[in-house]
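Student: Walk me closely through one part of this predicted model: a strand, its partners and the helices that follow. Keep it brisk.

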Amino acid sequence: MRGKRTHKTRSLSFAFVLIMLVALISGCSVLRELSSSGLSGSGIPGAAAAVVSESPTETAAPEEAVLVAADRTETATPSEVTPYQEDPTPSPVIPDKDKFKDKKLVALTFDDGPDNKYTTQILDLLKEYDVKATFFMVGLQVEKYPDTAKRIAEEGHSIGNHSWSHADLSKLSSKARDEELDRAQQAIIEATGMTPHLMRAPYGAISDSVLQSIHDENMKHVFWTVDTRDWAGSSVTKMHENVLDNTHKGGIILMHSFGGRKHAIERTVKLLPSIIKDLREMGYEFATVDELIESGQAHSSVIK
Ligand SMILES: [Zn+2]
């Protein structure tokens, strides 16, 4: 009787051990499946991993898996989400708009530089009079005078692309046009560390396709409202009169910091202090083209 019972107990024990072994092996294969799906090491909660491994036919891309995990983490830990929502990054547009409220803005722009003669004199004057301006730079000049380009950026002026070689972009093939924009952009980035988002086509020569190329490079095209014609060698008196007569709120004044006829830019340098002083007397404040756009004062016909 006793021997029989012992035999029965042994059989039951053996069956129990067998069941446990089967359970253990199947448990291991589930683990293997999880680790082979590439998720076990990514710190994804077990629940998220299970969702992915439940449908073996679906080859879950890692990005999708991360997305699932990110969603889960956000909903699972509201304490991490709440401070982010309460403290959003402040938009720079709001304070700038306040900054320019009730102000009569005008932007000075200088094309075709930089160089190490006139551009530097213009920079000295802008510093002396505490004026920020915008320089539309030619790539070739930037390559020749990277230090001046860098100084322009460091002194807080805005920087724009003015093509690589001052070519008429409207007369070029789309490939050549894109190269003009790209090469200038790269030269400016290399010299200043800044990526221009403003562009002025040489001669203001744009077409729909030129404009498209500019927009494809994430830039806006900037015309002007007052042309000093400094490049043509206009007299200081004539330029001064032209600027004072034709400047309006939100105006953009076109000048040059390099090139033009002989001694032309010497007159630009002479003109600069007088227009700064007189426009200030007329109630104008100087802004970069970026600031003009931010303020909402730039004319829509001028910024494309
Ligand atoms: Zn030009």
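Tutor: Helices are DSSP runs of H or I with at least four residues, strands are runs of E with at least two, and both are numbered from the N terminus. On that count, the protein chain has 13 helices and eight strands. Keep in mind that the model is predicted.

First, the whole chain. It has 304 residues, and 31% of them count as buried. Take the contacts with a separation of 6 or more: 74% of them come from residues 24 or more positions apart.

Now the strand. E1 spans residues 104-111. Seven of its eight residues are buried, so the strand is mostly covered. The cut-off behind that word is 20 or more other C-beta atoms within 10 Å.

E1 has several partners. Start with E7, residues 251-256. Six bridges join E1 to E7, and the two strands run parallel. One pair to find is Val-106 in E1 with Gly-251 in E7, which are bridge partners. Next comes E8, residues 284-286. Three bridges join E8 to E1, again in parallel. Here Leu-105 has Glu-285 as its bridge partner. Then E2, residues 134-137, is joined to E1 by three bridges, and this pairing is parallel too. Asp-111 of E1 is the bridge partner of Phe-136 in E2. While tracing a strand, recall that in a regular strand the side chains alternate between the two faces of the sheet.

Follow the chain on from E7. A loop lies between E7 and H12, and Lys-262 is found in it. Is Lys-262 buried or exposed? Lys-262 is exposed, because only 7 other C-beta atoms lie within 10 Å, and the limit for exposed is 12 or fewer. Lys-262 also has a distant sequence position to compare: Gly-233 is 29 residues away in sequence, yet the C-alpha atoms are 7.5 Å apart in space.

The loop leads to H12, residues 264-281. H12 packs with H11, residues 236-246, at an angle of about 35°, and the axes are 10 Å apart. The crossing of H11 and H12 is right-handed. Which residues meet there? From H11 come Val-236, Met-239, His-240, Val-243 and Leu-244. From H12 come Arg-267, Lys-270, Leu-271, Ser-274, Ile-275 and Asp-278. By class, this contact has six nonpolar, two polar and three charged residues.

Stay with Asp-278. This residue sits in H12. Asp-278 is partly exposed, because 14 C-beta neighbours lie inside 10 Å, a count between the limits for exposed and buried. Asp-278 and Leu-244 are 34 residues apart in sequence, while their C-alpha atoms are 7.8 Å apart. Both residues belong to the contact of H11 with H12.

Last, another helix pair for contrast. H8, residues 146-154, packs with H9, residues 174-192, at an angle of about 75°, with axes 8 Å apart. That angle makes H8 roughly perpendicular to H9. Pro-146, Ala-149, Lys-150 and Ala-153 of H8 meet Ile-188, Ala-191 and Thr-192 of H9. This contact divides into five nonpolar, one polar and one charged residues.

Terms used:
Residues numbered from 1 in each chain as written. Predicted model: local features only at pLDDT ≥ 70, side-chain atom pairs only at ≥ 80, totals over all residues. Axes fitted to C-alpha atoms, helices over the stretch in contact; angles between N-to-C directions. Parallel < 35°, antiparallel > 145°, perpendicular 65-115°, else oblique. Contact = placed C-beta atoms within 7 Å. Nonpolar A, V, L, I, M, F, W, Y, C, P; charged D, E, K, R; others polar. Left-handed = near helix turned anticlockwise from the far one by under 90°. Pairing = 2+ DSSP bridges.
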